[in-house]
Amino acid sequence: MKFFLDTADLSEIEEAASWGALAGVTTNPSLYAKIGGKLSGFYDHMKKICDIVGDDCPVSAETVAMTREEIVREGLELAEIAPNIVVKVPTMVEGLAATRELANLGVRVNMTLCFSVPQAILAARAGARYISPFIGRFDDISEDGLEQVGNIVAALGNYDFTESTVNGEQVEVIAASVRSANHVTQCALMGADIATVPFPVLKKMIQHPLTDRGLESFMKDWQKVLGE
Ligand code: E4P
């Protein structure tokens with residue numbers, strides 16, 4: 001499993017990148033608004049994220065248009081920002097049509113706001129490079145978001161979608177709307193390719209009380225060695 005950071009906050013991205021396990025970043029309009037982002041600075045901000053993580057790390061930048069023509073136009077503009085930009089497109093009819101066109105033009109797409117197996121299969125057939133099923137938002141309405149991720153991973157695994165994607169790449173499932181380290185555990189067990197996590201969840205993922213306790217006792221015992 002690979003880990004993406006789900007944020008538009010540059011300091012969080014810099015910190016997570018320094019940990020050595022970051023494979024990408026996902027953003028969305030809400031995350032950009034949360035850091036006080038303005039329309040005029042959007043493209044520069046995305047470029048800064050791309051520069052921090054480097055060309056090998058995909059950075060998802062979301063379109064906000066509602067028609068296929070506008071999504072394609074916006075997607076092509078976003079793709080110009082940097083080679084590692086992935087265009088994020090909502091899972092809806094206009095989004096599917098735009099994804100097909102963008103994929104035909106060699107632009108990688110992350111289909112977002114995906115909540116079902118049929119949506120995921122359509123997204124993969126339309127040429128999406130990444131598909132993002134949301135967990136937490138299902139949980140918010142008292143439904144099982146993890147179950148949907150498991151179903152989507154299993155269903156996509158039954159077929160070969162490489163004829164649809166840019167350069168015949170394998171479509172990857174990004175478990176999104178992740179709210180806890182346990183979500184990450186369950187997604188890894190179900191075989192999700194990627195989890196995109198907010199920075200507070202990433203911090204929790206590295207923590208364990210037994211690690212802290214073990215480290216404390218090792219350090220204490222080492223003091224005895226030093227004082228022999
Ligand atoms: C995914 O790409 C989205 O940006 C994100 O995971 C949404 O998470 P939320 O439901 O916590 O807003």
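Let's start with the cysteines. The disulfide count here is 0, where a disulfide is a pair of cysteine sulfur atoms within 2.5 Å. Why no bond for Cys114? Its sulfur is 13 Å from the closest cysteine sulfur, in Cys187, and that is too far. Cys114 is buried at 0% relative accessibility. Cys187 is buried too, also at 0%. Buried means under 20% relative accessible area, exposed over 50%, partly exposed in between (1.4 Å probe, protein chains only).

A word on the source. This is a predicted model: local features need pLDDT of at least 70, side-chain atom pairs count only at pLDDT 80 or more, and totals for chains, interfaces and linings use all residues. Residues are numbered from 1 along each chain as its sequence is written, and side-chain values use heavy atoms, without hydrogens and water.

Now the rings. There are 7 aromatic pairs. Rings of Phe, Tyr and Trp (its six-membered ring) pair if their centres lie within 6.5 Å; planes under 30 degrees apart are stacked, over 60 edge-to-face, the rest tilted. Phe4 and Tyr130 are one edge-to-face pair, 6.2 Å centre to centre, with 65 degrees between the planes. Phe4 sits in strand β1 (residues 2-6) and Tyr130 in strand β6 (residues 130-133), so this pair ties together parts 126 residues apart in sequence. Strands (E, at least two residues) are DSSP runs, numbered from the N terminus. Both Phe4 and Tyr130 are buried.

Next, Tyr159 and Phe161. They pair edge-to-face, at 6.3 Å and 70 degrees. Tyr159 is partly exposed, at 47%. Phe161 is buried, at 1%. Finally, ring pairs link Tyr32, Phe42 and Tyr43 into a cluster.

Conventions
Helix = DSSP H or I, 4+ residues; strand = E, 2+ residues; numbered from the N terminus.
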